[in-house]
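Take a look at the metal site and the ligand beside it. The walk-through below goes one ion at a time.

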Amino acid sequence: METIKNYVEENRKRFLDELFDLIRIPSISAKVENEDDMYTTAAFIKDALIEAGADHAEVKETSGFPVVYGHKIVDEALPTVLVYGHYDVQPVEPLDLWESPPFEPEIRDGKIYARGADDDKGQLYMHVKAFELMNRTGSLNCNVKFMIEGEEEIGSPSLKEFCQKNKDLLKADVILISDTTMISQDIPSITVGLRGLSFLEVEVTGPNRDLHSGLYGGAVGNPANLLAKMIASLTDENNHITIPGFYDDVMEVSDGERAEMAKAPFSLDDYKQALDINEVVGEKGFATNERTGIRPSLDVNGIWSGYTGEGAKTVLPSKAHAKISMRLVPNQDSKKIDELFINHFRRIAPEGTKVEVKSLHGGQGYGTPVDFPAYRAASRAIEVSFGKQPIPVRSGGSIPIVSDFEEVLGIKSILMGFGLDSDAIHSPNENYPLFNFYKGIETIPLFYRFFAEEMK
Ligand code: BES
Ligand code: MN
Ligand code: MN
């Protein structure tokens, strides 16, 4: 532990400078105008892996943005850890809500402020630096492989095929991922569940052109009004989702496990205060952490229609649109849910409108066992570096490719994330505390040490 701490101490500034350089490249996978930046970022990571001591690293083409692959094979007889992360980030809008420009990282109150500071550049770079540390201090006791993709934030459309084509190359005993959160800096936790996802876009069309809202208002179905009604009908007064069959495959969690979950420290007051809300809203009969951890949900992620510019324009729109996500729990199948949603949404379309629904992306949820070597290694590592045994927690977020890893590669993942809910990922002013960044770099080498022991 002393060696680890000293190495981090001596290289603190350089680690941060390098991360800042990585963050400065605006690798927004959703935007065509950032295409070149995706390749620049991939090359940056490849170089960083070589610099950190990889035997080999390359930027590998896929049918979409490239994957950075790298490895160091110490000894074929040792266990192999495959590190997964993503170098792409979410769009930054609304820009005016950022206190400092999203791609000009800045430290305020001990936190790095920038898009990607946590998700996932900050978290993946901890792995690159921990790898360097183990190489330089001669403590690497596992083989290490890296697979860093550039399409996670758009649903990983090419990675499954990439895995199918590179099964041998990706052979490993576990996949190690830091792309999730912990409860807090003094209550460490390990994510043992991710929700699945169905993400769709709907379009409701009324009249064949935008109309004068005085000449036609009250006489013609307004697609914006109607879409609002349709969306409102998707949940009932108990915040139960009304799509027929939606809950059919939901795995009910036992009272025993719910009692266990209730023991995890959680303050509803702090939660509300952090979000500036005076009440929480969710499915009746479930606590807040259950509503995100073990129950599915349905939310509008974006909605637009008519005139949304400055000032007033009296218009009855021709079309209305919304992007809708459903977060799914174990056993729910994202393709099946897409289908249920599409059929239902068409069925509830009011007379006189045309409805189109398309599925954008999605995937299955994931559950990590707590009784396998990687969990025990992560738990021991965190216990040493944080001084407290971590709590297993089911997260509300999704990393759909994780279930594909198990299906295609036959490898389980361990979700050892160091983010916090307050990091504002996907939001303006995303941030990552320096404490978490350096603590992550200290914890990861311990994971390798204990993983090698647990695999003996
Ligand atoms: N890192 C997040 C997922 C996450 C964050 C899981 C915190 C648990 C805790 C990831 O980058 C992400 O944003 N995933 C997307 C899904 C994707 C298909 C766009 C999500 O959850 O919205
Ligand atoms: Mn992420
Ligand atoms: Mn994300």
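A residue counts as buried under 20% relative accessible area, as exposed over 50%, and as partly exposed in between. Keep in mind that this is a predicted model.

Start with His-426. Its relative accessible area is 39%. That value lies between the two cut-offs, so His-426 is partly exposed. Asp-119 has a relative accessible area of 5%. That is under 20%, so Asp-119 is buried.

Both residues hold the manganese ion (ligand 3). Asp-119 gives an OD atom, His-426 gives NE2, and Glu-153 appears twice with OE. These donors sit at 2.0 to 2.6 Å. Along the chain the donors follow the spacing D-x33-E-x272-H. The pair Asp-119 and His-426 links distant parts of the chain, 307 residues apart. Asp-119 is in the loop between strand E5 (111–113) and helix H3 (121–136). His-426 is in the loop between strand E17 (413–415) and strand E18 (431–433).

What is the arrangement of the six donor atoms around the manganese ion (ligand 3)? They subtend angles of 55 to 154°, which makes the arrangement irregular. An octahedral site would need opposite donors over 155 degrees apart.

Now move to the second ion. The manganese ion (ligand 2) and the manganese ion (ligand 3) are 3.6 Å apart. Asp-119 coordinates both. The protein donors of the manganese ion (ligand 2) are His-86 (NE2), Asp-119 (OD), and Asp-179, listed twice with OD. They lie 2.0 to 2.4 Å from the ion. In sequence the donor residues are spaced H-x32-D-x59-D. This site also has six donor atoms, with angles of 57 to 165°, and is irregular. Here the pair Asp-119 and Asp-179 links parts of the chain 60 residues apart. Asp-179 is in the loop between strand E7 (174–177) and strand E8 (189–194). Asp-179 is buried, as is Asp-119.

Turn last to ligand 1. Which of the 19 residues around ligand 1 come nearest? They are Glu-152, Asp-179, Arg-327, Ser-398 and His-426. Asp-179 and His-426 are thus met again, having appeared as donors to the manganese ion (ligand 2) and the manganese ion (ligand 3).

Side-chain N or O atoms approach ligand 1 at several points. An oxygen atom of ligand 1 is 2.8 Å from such an atom of Arg-327. A nitrogen atom of ligand 1 is 2.8 Å from one in Asp-179. For Asp-119, an oxygen atom of ligand 1 is 3.1 Å away. Taken alone, ligand 1 exposes 520 Å², and the protein buries 91% of that. By class, the surrounding shell has five nonpolar, nine polar and five charged residues.

Notes:
Residues numbered from 1 in each chain as written. Chains lettered and ligands numbered in written order. Predicted model: local features only at pLDDT ≥ 70, side-chain atom pairs only at ≥ 80, totals over all residues. Heavy atoms only, no water. Donors = N, O, S within 2.8 Å, 3.2 Å for Na, K, Ca; no water. Tetrahedral: all angles 85-135°; square planar, octahedral: opposite > 155°, others 65-115°. Helix = DSSP H or I, 4+ residues; strand = E, 2+ residues; numbered from the N terminus. Buried < 20%, exposed > 50% of the residue type's maximum accessible area, 1.4 Å probe, protein only. Near = heavy atom within 4 Å. Polar contact = N/O pair within 3.5 Å; in protein donor to acceptor, adjacent residues only side chain to side chain. Areas by Shrake-Rupley, 256 points an atom, 1.4 Å probe, with all protein chains shown as cover. Nonpolar A, V, L, I, M, F, W, Y, C, P; charged D, E, K, R; others polar.
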